[in-house]
Amino acid sequence: MRAGRRRQGRWVVLIAGVLAVALGVAVLLAGCGGTETTTTTTPPATGSETTTTPTTSTEPTADAPTIKIGHLDSISGPGAAAASSIVDGLDLAVEKINAAGGINGSMLEIVTVDDGSDMGKAAAGATKLVEQDKVTAILGPFVPPFGMAVRQITEKAEVPNLMFISAMPDDLAQPGAWTFHTIQTFDANAAALLGIVRAHGFKKVAAVSDQVPVHVLSLQMLKEEAAKEGIEVTILPDTWEASDPNMNMGPISNKIAASTKSADPEALLLQATALQVGQVMKNLQTQGITVPIIGSPAAAHPVLFAMGPEQVEGLIVPGPGMLDAHALPDDYPGKDVLVDYFDSFTAKFGHPPDFMSGYGYDGLYLIAEGLKTSGDDRAKLRDAIEGIKGFNGVLGPFSFSATDHVGVHGGFVEWKVEGGRFVFVRTLD
Amino acid sequence: MTVSSTAATEKRLEVFDRVRWALVARPVALKFALVAVLVLWPLAYSSLYGLSVMTTAGLYVLVVVSVHVILGEAGQLSFGHATFYGIGAYSVGVLAVKYGVPTLLCLVAGALIASLAALVVGRPVLRLKYFYLALATIGLGQIFAVVVSQTPSLTGGAMGLAPIPDLRILGYAFEGYESRYYLVWVFALLVLLFTEKVLKSRVGRSFRAVATSETAAATLGVRTANWKLLAFVLSAAYAGLAGGLFAFVTGAISPASFSFNAALLPVIMMLVGGRSLWGGVLGAILMTWLLNGLSGAQQYSGLVYTIVLLLLLLFLPAGVSGGLRHEHRSWLRARLGLSRAAVSGVPSPGGPASEAGSPAAGSALVPATGAVVGPMRPPLSAIPQAATAVARKRNGSSVSPLLEIRGVSVDFGGLRAVNDVSLVVVEGSITAIIGPNGAGKTTLFNVITRLQRPTTGDIVFGGQSITGESAAAAARLGMARTFQNLRIFPNMTVLENVLVGCHRHERSGIFAAGLGLPSQRREERRSQERAQEALALMGLEEHAHLPAAALPYGRQRLVEIARALASQPRLLLLDEPAAGMNGAERSALVERIAAIREEGVTVLLVEHDIELVMGLSDAVVVLDHGSLIGQGAPEQVRADPAVIEAYLGVRRAEGHDRTPPRAVRPDAHRPDGSSAPSPLLVVGDVRTAYGPIEALHGVSLEVPEGQIVAVLGANGAGKSTLLYTISGALKPTAGRIEFAGQDVTGLSAPSVASLGIRQVPEGRRIFTSLNVEDNLLMGASGRPDRAGYEDDLAFIYDLFPILAERRSQPARTLSGGQQQMLAIGRALAGGPRLLLLDEPSLGLAPRLVEHIFESLVKLNDRGLTMLMVEQNAELALSVAHHAVVLQTGTVALAGPAAALRRDDRVRECYLGQVAERPLSVSR
């Protein structure tokens with residue numbers, strides 16, 4: 001004990017020194033904006049469009065100045081799984097855009113900041129992107145509460161911010177001037193669910209959801225809209241906190257089974273995350289619930305099969321066309337975009353895309369679409385994005401306006417789980 | 001070449017020294033520099049990102065201070081700060097967003113609501129200790145999370161709350177990055193300065209006392225439960241304030257920010273910062289930059305962060321600032337030739353007297369009774385009872401009882417430890433309790449000081465029954481005690497320990513201390529004076545600013561007495577005050593106790609040194625097996641046949657005094673010089689240092705096979721250090737240790753033990769949670785021949801039959817003497833070739849001392865070699881063949897025991913008087 005203290009004397013200086021150097025390097029690098037992974041893809045030297053393997057480098061080589069786009073996401077921490085999909089989509093998008101010659105000759109450069117799944121760091125990261133890296137627009141974040149903190153920074157700094165967060169009623173009623181929510185929210189979900197119920201001819205369905213706000217709001221909207229068509233939607237009283245992926249779903253499943261039996265519906269709308277749907281479905285089956293089960297768009301994700309595909313056999317989900325783009329009917333609007341995405345994503349990463357990868361892909365393509373007319377200018381870019389109409393993204397068709405900062409209100413297709421795959425059933429729009 | 005490289009090394013060292021001097025020697029300057037940098041850098045280098053990160057760091061500083069108060073100071077392993085952080089943030093969020101309350105009011109409300117929550121849950125939760133407390137406070141966090149997620153209409157549920165309006169103070173809105181940065185740091189620095197003052201005051205001392213020994217704190221009048229609660233509430237207020245600021249700075253809140261992860265980070269920051277208040281600031285800044293600055297490196301940030309953390313914890317367990325503690329300051333002082341005052345930044349108290357330095361240490365041990373004690377007389381207004389007691393005594397008018405024990409019995413399960421004892425302690429007297437080990441003396445002390453509830457009986461103190469009172473309440477009535485097994489506060493300096501004794505006379509609370517009100521400063525000055533007087537009385541002024549844990553055992557005992565005295569008690573209870581002291585120290589102690597009595601303090605003491613007891617006491621009480629077997633004036637008790645039978649032993653009564661019985665004279669079975677046995681242990685020029693302080697300056701000695709060598713010397717001479725160096729617990733910096741012809745220098749303690757060197761450490765250090773048999777079994781680990789264990793065990797039980805009787809009892813239930821036997825037994829269970837004994841007679845009754853030393857001679861006759869440290873010089877010399885006298889880390893004398901026993905120089909040296917002439921080493 002005492003001997004240790006003696007040794008420590010020399011270490012004090014050494015360790016303090018190492019730490020000081022580490023800190024210095026950290027501050028310096030952060031200050032220069034040099035540690036971000038910058039992905040810039042140069043167009044092939046020949047300019048030939050047949051080249052399929054563009055080279056990636058960190059040094060832009062085009063004559064026109066690069067345009068910096070910030071990406072703020074939970075690269076580490078509990079949110080890391082979702083972020084890695086988003087990064088994949090974003091990487092693919094920047095690669096393709098730059099390979100095609102960039103935006104009017106300017107290469108796109110992505111500056112990524114990891115918020116470590118922490119709100120304070122998300123806010124600091126947004127500040128860094130805005131003030132230090134001077135990005136033209138920001139993609140992200142993904143975690144809803146972080147969006148509220150980041151939004152205050154980007155609105156004040158007047159930077160277009162495309163968040164991967166579903167808009168809430170307030171956001172729809174009064175969108176932030178600089179804030180866009182470029183993914184579907186409860187209105188699209190409710191419409192898709194209603195479309196499925198209608199197509200199957202159900203007149204009486206039960207619905208249950210976890211406490212994820214989009215799920216709760218979707219069911220409320222669905223109930224109202226369905227009533228107009230004479231379809232009865234019973235929202236079961238049971239609910240649970242979805243934030244713990246390791247939660248034992250047994251007890252809540254038993255309650256859902258009991259409520260379902262007493263409601264006696266033709267189908268059950270089970271609005272839960274992909275990780276929890278399987279557990280609930282398995283429990284419901286053992287409790288003798290045999291009616292068709294319709295999941296939420298959040299369940300249209302391959303992680304659904306993580307606990308064994310047999311658990312979720314027969315589940316019906318609304319999901320984007322990218323899940324199996326080749327299966328879509330030829331007249332499906334934007335099929336060419338979806339097939340291109342599906343093929344190029346599968347070629348690059350070795351597995352088909354999930355809807356979260358679409359967040360990054362569509363987000364950057366929307367910015368690119370705006371940049372084509374706006375040039376490297378934050379205010380003009382904001383206006384240009386508001387002017388985008390009928391743009392076919394991989395999540396669905398986008399049309400923005402000064403009052404609509406969500407842009408995508410459809411794009412779902414009915415899928416059915418068969419043998420660990422999503423099998424196309426019908427289009428819904 | 002060599003010369004130039006040496007010069008380069010020295011040059012480098014010089015730079016290091018300067019840097020370290022700047023860091024350590026001038027803490028005040030360092031703080032000013034830190035504040036200046038914090039204020040100025042945003043002006044010099046404008047980076048909004050940097051400001052944003054530093055704002056977060058400032059918030060963390062507040063939480064780290066919160067953790068420092070509850071965990072670092074009060075020692076309570078609470079993770080409640082994340083919850084209180086959240087409560088502060090949500091109070092602000094809900095009040096500002098949902099109710100539109102003015103923002104500054106929200107901030108204040110956030111801190112208040114967090115404190116209130118702590119006040120409500122604190123009392124029940126703080127009854128728990130260690131991991132249980134940690135679990136309970138983590139549970140609080142879960143409750144908070146559930147409440148937030150289940151009240152979405154108010155808190156926004158999992159989605160959180162936003163936007164939170166900007167904080168406005170007097171119409172100024174904190175909306176820009178700079179203004180928020182300064183907002184947070186002004187709060188952080190104010191809290192730091194406030195807390196620093198609080199922690200230096202009685203409040204901080206009470207926190208630290210509660211952290212290490214609630215028992216000792218309670219016996220000094222510290223109401224421990226209240227102080228723990230206060231620390232908890234203060235910690236919650238800081239966390240709540242930080243949470244409120246966080247809400248304003250971030251503009252949005254969600255429950256995830258206040259999870260268990262959020263609770264861990266500030267604890268890590270505190271540890272990285274070195275568990276000091278200002279170190280925590282460095283820790284918070286460092287970690288925040290690491291977390292944010294490296295986040296650009298994406299997937300590697302977690303790795304880098306973890307590696308830095310591991311490096312820190314492995315090599316710098318005391319943190320960035322923690323390595324720079326007292327030893328280093330002394331070392332720096334030595335190197336740079338600075339005076340202590342300059343280095344410590346504290347003016348050396350006691351003035352020129354304490355500057356006289358170590359040569360005066362010896363003389364300081366002998367008090368000039370009148371002169372030193374004089375100032376101890378308390379201001380009459382402070383303790384009227386004592387004053388009247390003195391007056392009464394002086395008038396000779398009364399012999400009123402101060403303490404009455406009426407029919408007290410204590411049962412531990414089926415064992416009756418104290419059996420229907422009644423006794424009276426007369427005001428102004430010195431009363432001694434004697435009796436064999438395990439007679440129930442300490443239990444009786446515990447009953448009197450309210451640490452132990454009696455099964456039956458009543459205790460009356462100063463005419464008032466205190467049977468139902470708490471230990472702290474009893475102490476506040478004017479009783480103070482010391483402990484047989486020391487309970488000093490190791491996390492404080494000697495002076496601070498003694499200042500805790502002043503606790504019951506102090507009134508200042510947190511705000512008086514934190515704001516440095518004049519009344520508080522006056523009170524603190526008075527307490528400082530009182531503590532200095534108590535230190536002076538025990539001859540400890542020299543050591544006032546040393547960490548109490550760094551003192552040798554005997555001096556720690558004096559610290560306890562000084563601490564008890566500083567409370568200016570009416571009744572002082574001393575549990576074996578002379579244990580671990582040598583002859584000179586004992587006689588000084590006798591004078592001091594007599595002087596204390598002269599001041600009107602009644603003294604009740606337990607002591608085994610029968611000469612001390614007889615010479616000092618007015619009355620003697622004898623306990624045996626929990627019952628009173630004799631009572632009266634010393635002479636009367638000494639002649640009582642029952643007392644002689646139970647305690648003194650026949651020889652004592654016959655006047656044989658200190659010479660223990662010897663079955664065999666050492667000379668009788670030792671052949672003369674020509675065929676001297678070969679040395680089993682050779683210690684050659686060994687040096688050992690604690691940090692920069694060298695305790696052994698080249699000690700050489702030999703222990704011949706089959707003989708006993710005694711090591712004598714005053715407290716602090718390096719005796720225990722020598723034994724620990726031989727047993728491998730300490731590594732020597734130079735020299736060589738050879739055992740049975742094998743070089744064992746620098747081997748680990750287990751390796752040394754497995755070679756056959758077993759140590760009986762000072763203060764026993766038995767495994768209190770294991771039973772007797774398992775303790776002995778632990779001692780057998782590493783012995784080369786498992787086969788002989790059964791025989792040895794039988795021999796140990798034969799030697800100490802009481803151990804056989806209690807073989808399945810937990811060791812903590814043994815009395816002090818039985819624990820000593822167990823410690824020796826445990827060492828013997830290892831089948832030793834060499835036994836290292838550190839103070840084997842410490843705390844033992846005379847008959848037991850006889851028994852132990854008879855046993856040691858028996859063991860020696862069976863061929864066991866021993867190296868023994870013993871304060872009782874005559875006793876040690878009567879059984880040893882050879883002896884070595886250590887003086888301040890060097891061998892002052894060595895020779896045959898019989899010769900040294902007659903040597904006047906030994907008496908001088910050993911009795912602690914300053915040797916005018918250097919003693920030559922005679923072999």
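A strand here is a run of at least two residues that DSSP labels E, and strands are numbered from the N terminus. Keep that in mind, since I will use strand numbers shortly. One more thing before we start: the model on the screen is predicted.

Let me begin with chain B as a whole. Chain B has 923 residues, and 55% of them are buried. It holds 41 helices and 22 strands. Now take the contacts in chain B between residues at least 6 apart in sequence: 74% of these join residues at least 24 apart. As for the surface, about 36100 Å² of chain B is exposed, with 60% of that supplied by carbon and sulfur atoms.

Next, two places in the chain. The first is B:S429. Where does B:S429 sit? Find strand β4, residues 415-426, and strand β5, residues 430-434; B:S429 is in the loop between them. Is B:S429 buried or exposed? Its relative accessibility is 8%, and buried means under 20%, so B:S429 counts as buried. Setting aside neighbours within four places in sequence, the residues in contact with B:S429 are B:R597, B:T602, B:V603 and B:D618.

The second place is B:V39. Look for helix α2 of chain B, which covers residues 27-44; B:V39 lies in this helix. The relative accessibility of B:V39 is 37%, so this residue counts as partly exposed. B:V39 also belongs to a nonpolar patch on the surface, together with B:L40 and B:L43. The accessible area of these three residues together is about 290 Å².

To put the two side by side: B:S429 is buried in a loop, and B:V39 is partly exposed in a helix. That is what I have for today.

Definitions and conventions: Residues are numbered from 1 along each chain as its sequence is written. Chains are lettered from A and ligands numbered from 1 in the order in which they are written. This is a predicted model: local features need pLDDT of at least 70, side-chain atom pairs count only at pLDDT 80 or more; totals for chains, interfaces and linings use all residues. Side-chain values use heavy atoms; hydrogens and water are left out. Patches are made of residues with over 30% relative accessible area and no salt bridge: like charges are joined within 9 Å, nonpolar side chains (Val, Leu, Ile, Met, Phe, Trp, Tyr) within 5 Å. Accessible areas come from the Shrake-Rupley method with a 1.4 Å probe; for residues, only the protein chains shown count as cover. A salt bridge is a side-chain nitrogen of Lys or Arg within 4 Å of a carboxyl oxygen of Asp or Glu. Helices (H or I, at least four residues) and strands (E, at least two) are DSSP runs, numbered from the N terminus. Buried means under 20% relative accessible area, exposed over 50%, partly exposed in between (1.4 Å probe, protein chains only). Contact means heavy atoms within 4.5 Å.
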